[in-house]
Amino acid sequence: MSDLPSYEELLKKGLKKVPKEAEAKERFEIPKAQILRAGQKTIITNFTEIASHLRREQNHVLKFLLKELATSGELSGPRLTVIGSFSEDAVNSKIDKYAKAYVFCTECKKPDTKLVKEGEYMIMKCEACGARHPVPKV
Ligand SMILES: [Zn+2]
């Protein structure tokens, strides 16, 4: 026998990987970041498309992304240029993280939410189930 995992093991792993929100995500496919790398810079060419698909303000997504990647960047047109060399996977995983934190309802897992400011707090309101909960500041 080789050391390769068996089909059964792979299947188990695959099943474990399916998160609860998978159903909601199926009908809400976040566009994958398209990356161009130029020297010490990474350009996300479809940044505004991603933000508008998430139905969030570009600046909000931008701030989150820059903080998560611990870098600085600049928006010009539909493109976001960030300092540093980042893989597509790295960028996409941050965008997924953003969606989990600021787009998908924690109760019903649907993306039909909006962010509203209430005093000092940012509240995520779900238009599907009516849930409201505060989200962390970016
Ligand atoms: Zn909900």
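A residue counts as buried when its relative accessible area is under 20%, as exposed when that area is over 50%, and as partly exposed in between. Keep that in mind as you work through this predicted model.

**Exercise 1. Describe the zinc site and say how its donors are arranged.**

Step 1: Find the donors. The zinc ion is coordinated by the SG atoms of Cys-105, Cys-108, Cys-126 and Cys-129, at 2.3 to 2.4 Å.

Step 2: Look at the spacing along the chain. The donor residues follow the pattern C-x2-C-x17-C-x2-C.

Step 3: Check the angles. For four donors to count as tetrahedral, all angles must lie between 85 and 135 degrees. Here the four donor atoms subtend angles of 106 to 114° around the zinc ion, so the arrangement is tetrahedral. For reference, the ideal angle for four tetrahedral donors is 109.5 degrees.

**Exercise 2. Classify Cys-126 and Cys-129 by accessibility.**

Step 1: Take Cys-126. Its relative accessibility is 7%, so Cys-126 counts as buried.

Step 2: Now take Cys-129. With a relative accessible area of 39%, Cys-129 is partly exposed.

**Exercise 3. Work out how strands E3 and E4 are joined.**

Step 1: Locate the strands. E3 covers residues 73–76 and E4 covers residues 79–83.

Step 2: Get the direction and the bridges. The two strands run antiparallel, and four bridges join them. Across the hairpin, Glu-74 stands opposite Thr-81 in E4.

Step 3: Inspect the turn. Two residues lie between the strands, and Gly-77 takes a positive phi near 65°.

**Exercise 4. Examine two of the aromatic pairs and place them in the fold.**

Step 1: Start with the count. The structure holds four aromatic pairs.

Step 2: Take Phe-28 and Phe-104. Their rings are 5.7 Å apart, centre to centre, with 85° between the planes, and the pair is edge-to-face. Phe-28 sits in the loop between helix H2 (22–26) and strand E1 (35–38), while Phe-104 sits in the loop between helix H5 (88–102) and strand E5 (113–118). The pair thus links parts of the chain 76 residues apart. Phe-28 and Phe-104 are both buried.

Step 3: Move on to Phe-64 and Tyr-98. The ring centres are 5.2 Å apart and the planes meet at 70°, so this pair is edge-to-face. Phe-64 belongs to helix H4 (residues 58–69) and Tyr-98 to helix H5, so the pair ties together parts that are 34 residues apart in sequence. Phe-64 and Tyr-98 are both buried.

Step 4: Widen the view. Ring pairs link Phe-64, Tyr-98 and Tyr-102 into a cluster.

Notes: Residues numbered from 1 in each chain as written. Predicted model: local features only at pLDDT ≥ 70, side-chain atom pairs only at ≥ 80, totals over all residues. Heavy atoms only, no water. Donors = N, O, S within 2.8 Å, 3.2 Å for Na, K, Ca; no water. Tetrahedral: all angles 85-135°; square planar, octahedral: opposite > 155°, others 65-115°. Buried < 20%, exposed > 50% of the residue type's maximum accessible area, 1.4 Å probe, protein only. Pairing = 2+ DSSP bridges. Phe/Tyr/Trp six-rings, centres within 6.5 Å; stacked < 30°, edge-to-face > 60°.
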